[in-house]
Amino acid sequence: MTLSTPADAQHTAATTKKNITRLIVATSVGNALEWYDISVYAYFAVYLSKAFFPANDPTTSLLLTFGSFGLSFLIRPIGGIVLGAYADRHGRKASLMLSIVLMTLGTLVLALMPTYQTIGILAPIAVMLARLVQGFSAGGEFGSSTAFLVEHMPERRGFVASWQFASQGVSGLLGAGFGALLTSLMSPEDLQSWGWRLPFLFGVLIGPVGIYIRNHVDDATPPPAAGKQDSPVREVFARQKLATVLAVGALAVSTAVNYLIVYMPTYVVKTLNLAPSVGFIAAFAAQTAVALLAPIAGLASDKIGRTTHMILFALLLLVSIFPAFLLLTGKPTPTIILIGVLWLGVLKSLYYGPLAALMSELFPAATRATGLGLSYNIGVTLFGGMGPAIMTWMGGFAPIGELAPGYYLTGVCLLSLWALFTIRRLRLA
């Protein structure tokens with residue numbers, strides 16, 4: 001009999017830690033690319049609107065830009081179903097490889113696409129098609145990658161799954177950092193002419209790195225044998241409708257706040273009449289909070305429970321949203337904007353951390369990627385992707401005006417609280 005030694009145990013622990021790190025990086029890099037492209041598109045919406053959607057009225061041009069932003073989200077539930085079912089049938093890794101290749105191709109098209117002045121109507125059509133490809137691939141990314149993570153470490157689901165959202169914070173940091181840097185160093189003319197392409201070109205470089213890393217990891221849960229499983233899509237629609245609705249509800253407020261942060265540079269320029277760098281700096285601070293605090297929140301939820309943790313921070317969000325926007329609109333100084341957006345970012349981060357694990361626990365392994373992909377993308381489409389367009393539209397009504405984001409977020413927060421209390425009452429996660 002061979003006895004293990006302290007050195008053996010130390011080596012095993014080091015190997016396990018190395019494997020965990022590799023798994024987190026492999027899943028997070030694709031998720032980061034997805035959200036990096038989303039954030040860059042929204043952060044640079046003012047410039048993209050002039051390049052691809054020119055109109056006599058700047059608001060109309062901006063609405064067309066955010067409309068195409070939201071359009072890509074309409075296909076996300078389809079991507080979630082198709083690529084999620086593909087992951088449940090053929091393995092998580094196969095789906096993850098396909099989604100990151102499609103996302104990289106879409107980013108490349110956006111980076112190199114000639115403007116409306118050069119090729120006319122083909123430019124906005126091509127941009128919309130590229131966004132649809134990205135929306136489809138992003139639709140399958142979350143379900144497959146979250147299932148991949150939690151199945152490798154079921155005893156620490158909150159912590160490992162939280163990196164899904166921490167990586168979103170990192171990508172948001174990069175997007176906001178590019179915005180702050182380019183608006184500070186480049187003239188408005190150069191930024192409009194070609195500078196806005198630089199962040200997209202950087203995103204293209206991330207893709208091959210992610211493809212290489214993902215190609216060198218294995219599934220924890222092998223795909224089922226042929227003929228041993230009913231259609232995952234049929235299972236979700238037939239038997240897991242309540243789980244899907246509750247997962248969408250739990251996600252709603254976090255994705256709404258996330259897209260508010262992404263919308264902030266546009267809100268600062270168009271509504272508060274301040275320099276775009278103010279919005280980028282505030283968004284950068286909020287995304288820093290996401291990157292740093294989401295794993296801590298996920299770890300805490302492994303100890304105290306998902307719903308206990310998330311209900312607390314949902315309530316704090318509920319009582320913070322309107323005062324924050326009253327402050328933003330009443331005293332729109334750079335310092336006030338930074339503090340208000342950072343506070344919302346902190347609360348969102350602490351709510352966000354356990355969310356992926358909570359959603360994964362609502363679905364069994366056989367349909368987990370499909371259920372996660374469907375619920376996540378319905379929620380992001382309804383309450384996130386269409387959020388900037390809805391807030392821009394609501395802002396045009398005199399009684400609402402500058403407080404449009406506050407009204408919007410308050411309603412969404414109430415929906416998430418209902419979902420969390422229902423999950424807790426039914427003991428579903």
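In the predicted model, the largest nonpolar core comprises 104 residues, among which Phe 52, Phe 325 and Leu 355 touch the most other members. Helix 12, spanning residues 241-270, makes the greatest contribution to this core, supplying 18 residues. Beyond its neighbours up to four places away in sequence, Phe 325 touches Leu 260, Tyr 267, Leu 344, Leu 403, Pro 405, Gly 406 and Leu 409.

The protein as a whole contains 19 helices and zero strands. Of its 429 residues, 58% count as buried. Contacts between residues at least 6 apart in sequence are dominated by long separations, in that 85% of them join residues at least 24 apart. The accessible surface amounts to about 16,900 Å², and carbon and sulfur atoms account for 70% of that area.

Two positions in helix 12 were examined individually. Ser 254 lies within this helix and has a relative accessible area of 1%; since this is under the 20% limit, the residue is classed as buried. A polar atom of the Ser 254 side chain is placed 2.8 Å from the backbone oxygen of Leu 251. With residues up to four places away in sequence set aside, Ser 254 touches Lys 348, Tyr 351, Tyr 352 and Leu 355. Leu 355 is also one of the three residues that touch the most other members of the largest nonpolar core. Lys 241 likewise belongs to helix 12, but its relative accessible area is 48%, and Lys 241 is therefore partly exposed. The side chain of Lys 241 reaches the backbone oxygen of Phe 237 at a distance of 3.1 Å. Lys 241 and Ser 375 are 134 residues apart in sequence, yet their C-alpha atoms are 9.6 Å apart in space.

Helix 14 covers residues 306-330 and has 25 residues; the distance from its first C-alpha to its last is 36 Å, close to the 36 Å expected at 1.5 Å a residue. Within helix 14, a kink of about 35 degrees is located at Ser 320, shortly before the proline Pro 323. Gly 330 is also part of helix 14. Because its relative accessibility is 55%, Gly 330 counts as exposed. The C-alpha atoms of Gly 330 and Leu 272 are 10.0 Å apart, although 58 residues separate the pair in sequence.

Helix 5, formed by residues 92-112, has 21 residues and reaches 31 Å between its first and last C-alpha atoms, close to the 30 Å expected at 1.5 Å a residue. Its buried residues include Arg 92, Ser 95, Ser 99, Thr 104 and Thr 107, together with Leu 96, Met 97, Ile 100, Met 103 and Leu 110. Gly 106 and Ala 111 are likewise buried in helix 5.

In helix 17 (residues 368-385), attention falls on Asn 377. This residue has 0% relative accessibility and therefore counts as buried. Its side chain engages in a polar contact with the side chain of Arg 76 at 2.9 Å, and also reaches the backbone oxygen of Gly 139 at 2.5 Å. Both partners recur among the residues touched by Asn 377, which are Arg 76, Pro 77, Gly 80, Ala 138 and Gly 139 when residues up to four places away in sequence are not counted.

Arg 157 is situated in helix 8, which comprises residues 157-185. Excluding residues up to four places away in sequence, Arg 157 touches Val 150, Ser 162, Asp 302, Arg 306, Ala 357, Ser 360, Glu 361 and Arg 368. One of these, Arg 306, lies in the residue range of helix 14, and another, Arg 368, in that of helix 17. The C-alpha atoms of Arg 157 and Pro 354 are separated by 8.4 Å, whereas the two residues are 197 residues apart along the chain.

Thr 65 is placed in helix 3, which consists of residues 58-74. With 0% relative accessibility, Thr 65 counts as buried. Leaving aside residues up to four places away in sequence, Thr 65 touches Tyr 41, Ala 45, Leu 48, Ser 49 and Phe 53. Its C-alpha atom is separated by 9.0 Å from that of Lys 50, a residue 15 residues away along the chain.

How values were computed. Residues numbered from 1 in each chain as written. Predicted model: local features only at pLDDT ≥ 70, side-chain atom pairs only at ≥ 80, totals over all residues. Heavy atoms only, no water. Helix = DSSP H or I, 4+ residues; strand = E, 2+ residues; numbered from the N terminus. Buried < 20%, exposed > 50% of the residue type's maximum accessible area, 1.4 Å probe, protein only. Contact = heavy atoms within 4.5 Å. Areas by Shrake-Rupley, 256 points an atom, 1.4 Å probe, with all protein chains shown as cover. Core = buried A, V, L, I, M, F, W, Y, C linked by side-chain atoms within 4.5 Å. Expected span 1.5 Å × (residues − 1). Bend = angle between axes of the 7 residues up to and from the residue. Polar contact = N/O pair within 3.5 Å; in protein donor to acceptor, adjacent residues only side chain to side chain.
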